[in-house]
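Work through the exercises below with the structure open beside you. Try each task before reading its solution.

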Amino acid sequence: MASRRGFFGIAAGASTLASGGLVTTRPGLAAPGSGTQSGGGQRSGHYVPPIKFGLGGVPLGNEFEVITDEEAYKTLDAAWSAGVRYYDVSPWYGLGLAERRFGYFLHNKNRDEYILSSKVGKLLKASRQNDAKSNFPFSPSPNNVVFDYTADGVRRSVEDSLQRLGVSSLDIVFVHDISPDNKLLPTPWQQQFEIALKGAFPALDRMRAEGIIRGWGIGVNTPEPILRVIQEADPDICLLASQYSLIDHANALNSIFPVARQHNVKFVIGSSLNAGFISGSPRYNYGKNSWKIPRQYIEKREKLRAVAAQYGADLRTAALQFSAAPDVAAALIVGARSEEQVLANVTSMQARIPPEFWAELKRQRLVEQNAPTPG
């Protein structure tokens, strides 16, 4: 394995990915930092992943329950066998656990055959007196987390992720959770954003120009940081988490997407099921209070279920396809904890939803009138 310093001299090229509805074939994909890409066309130098569907790493970081290594590797193998070629992880997911698991599986795969994104902004520090259990009670991590949105912190974070993953390059880096909902930040999010504006964002610009990464953006659960980064920096693509689902999408649709179009920025859409809520989980999104579900969301889910039953549609399938429908949605990432969930998600992206289902949702005003729906 190359040294830590050696990682930053490597810029991996990419060739062709398997196609089949989930991914887009990308013959002759340009080298990182070149500003061109197949499948997405020229976008003023902005990188767009040429793969439409990916596996999110939250569940395999033991966010919600204990998952054994064997179960995790079976899940990853099922995803690969089903044609999934985009994988999204983070140091935060299980405080290193998800990256180690994904890396164990992926490092023996041809690096040109898949897209990989991870996050920066949270450095992991091993300690015997760690408080990992306070954030991830089901993870065996020995690490504490230290927030660091400086230029040096970002570069260190990428180095650390590459070592945990056992790979030589990342395609996309998202600056993680620099957002009002992050109650663990050492100072208000606006102050942390200013640090990133002077540190993390320019550093990622340089790494992109050097070919260390293909693109960068931020990954957050609230709109304000996304609007700021689009207007004040030069991101390629942002991770829009917990903001565009059948349950809650009006603000993203009407406030965020128009600004993104003006600046030629697209999104990876995450949490399209609101952390499983739409498919029946007893939680809404993430965090220690995710079990406190607002009554209006429960009522809306019941109405959505009724329409789905009326038209013979699977609500989870409809939710995934809905989140992938906007023109600014470059890719959809969906977490899975088992082989069965992976295969269900893959099948959902291939299934057909009756057009009358979408028309009825709009008639009942369960979705915005201007919301794109699958063709």
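The exercises that follow concern a predicted model.

**Exercise 1. The whole chain**

Task: Find how many helices and strands the protein chain has, and what percentage of its residues is buried.

Solution:
- Step 1. Count the elements. The protein chain has 13 helices and 10 strands.
- Step 2. Turn to burial. Of the 375 residues in the chain, 56% are buried.
- Step 3. Look at the contacts between residues at least 6 apart in sequence. In 74% of them, the partners are at least 24 apart.

**Exercise 2. The nonpolar cores**

Task: Which residues have the most contacts inside the largest nonpolar core?

Solution:
- Step 1. Take the core as a set. The largest nonpolar core has 88 residues.
- Step 2. Pick out its best-connected members. Tyr-87, Leu-246 and Phe-267 have the most contacts inside it.
- Step 3. Ask which element gives the largest share. Helix 9 (residues 250–262) does, with 6 residues of this core.
- Step 4. Separate the other core. Apart from the largest one lies a core of 13 residues, among them Tyr-47, Phe-174, Ala-330 and Ala-331.
- Step 5. Check the contacts of Phe-267. Beyond four places in sequence, its partners include Ile-226, Ile-230, Ile-256, Phe-257, Ala-330 and Ala-331.

**Exercise 3. Helix 10**

Task: Compare the expected span of helix 10 with its end-to-end distance. Then locate its buried side.

Solution:
- Step 1. Work out the span. Helix 10 covers residues 295–310, which is 16 residues. At 1.5 Å a residue it should span 22 Å.
- Step 2. Compare. The end C-alpha atoms are 23 Å apart, so the two values agree.
- Step 3. List the buried residues. They are Tyr-297, Lys-300, Arg-301, Leu-304, Val-307 and Ala-308.
- Step 4. Place them around the axis. They cover an arc of only 125 degrees, so they lie on the same side of helix 10.
- Step 5. Recall the general rule. An α-helix has 3.6 residues a turn, so residues three or four places apart point the same way.
- Step 6. Turn to the opposite face. The exposed residues Arg-295, Ala-309 and Gln-310 are on the face turned away from the buried side.
- Step 7. Find the packing partners. The buried residues of helix 10 pack against helix 11 (315–324) and helix 13 (355–363).
- Step 8. Step past the end. Just after helix 10, Gly-312 has a positive phi of about 65 degrees.

**Exercise 4. Helix 13**

Task: Which residues of helix 13 are buried, and what covers them?

Solution:
- Step 1. Read along the helix. Phe-357, Trp-358, Glu-360, Leu-361 and Lys-362 are its buried residues.
- Step 2. Identify the cover. It includes helix 10 and helix 11.
- Step 3. Look just after helix 13. There Arg-365 takes a positive phi of about 60 degrees.

**Exercise 5. Two residues in one loop**

Task: Are Ser-90 and Gly-96 buried or exposed?

Solution:
- Step 1. Locate them. Ser-90 lies in the loop between strand 2 and helix 3. Gly-96 belongs to that loop too, between strand 2 (86–88) and helix 3 (97–106).
- Step 2. Apply the cut-off. Buried means under 20% relative accessible area. Ser-90 has 1%, so it is buried. Gly-96 has 0%, so it is buried as well.
- Step 3. List the contacts beyond four places in sequence. Ser-90 touches Glu-99, Ser-118, Lys-119 and His-176. Gly-96 touches Pro-91, Leu-124 and Arg-164.
- Step 4. Look for a polar contact. The side chains of Ser-90 and His-176 make one of 3.3 Å.

**Exercise 6. Helix 8 and Pro-235**

Task: Where does Pro-235 lie, and which residues does it contact?

Solution:
- Step 1. Find the loop. Pro-235 sits between helix 8 (223–232) and strand 8 (237–241).
- Step 2. Judge its exposure. Its relative accessibility is 1%, so Pro-235 counts as buried.
- Step 3. Note its contacts beyond four places in sequence. They are His-46, Arg-208, Trp-216, Gly-217, Val-229, Ile-230 and Val-265.
- Step 4. Take one partner. Gly-217 is 18 residues from Pro-235 in sequence, and their C-alpha atoms are 4.7 Å apart.
- Step 5. Return to helix 8. Its buried residues include Val-229 and Ile-230. Among the elements that the buried residues of helix 8 pack against are strand 7 (215–220) and helix 9.

Conventions. Residues numbered from 1 in each chain as written. Predicted model: local features only at pLDDT ≥ 70, side-chain atom pairs only at ≥ 80, totals over all residues. Heavy atoms only, no water. Helix = DSSP H or I, 4+ residues; strand = E, 2+ residues; numbered from the N terminus. Buried < 20%, exposed > 50% of the residue type's maximum accessible area, 1.4 Å probe, protein only. Contact = heavy atoms within 4.5 Å. Polar contact = N/O pair within 3.5 Å; in protein donor to acceptor, adjacent residues only side chain to side chain. Expected span 1.5 Å × (residues − 1). Arc of directions from axis to C-beta. Core = buried A, V, L, I, M, F, W, Y, C linked by side-chain atoms within 4.5 Å.
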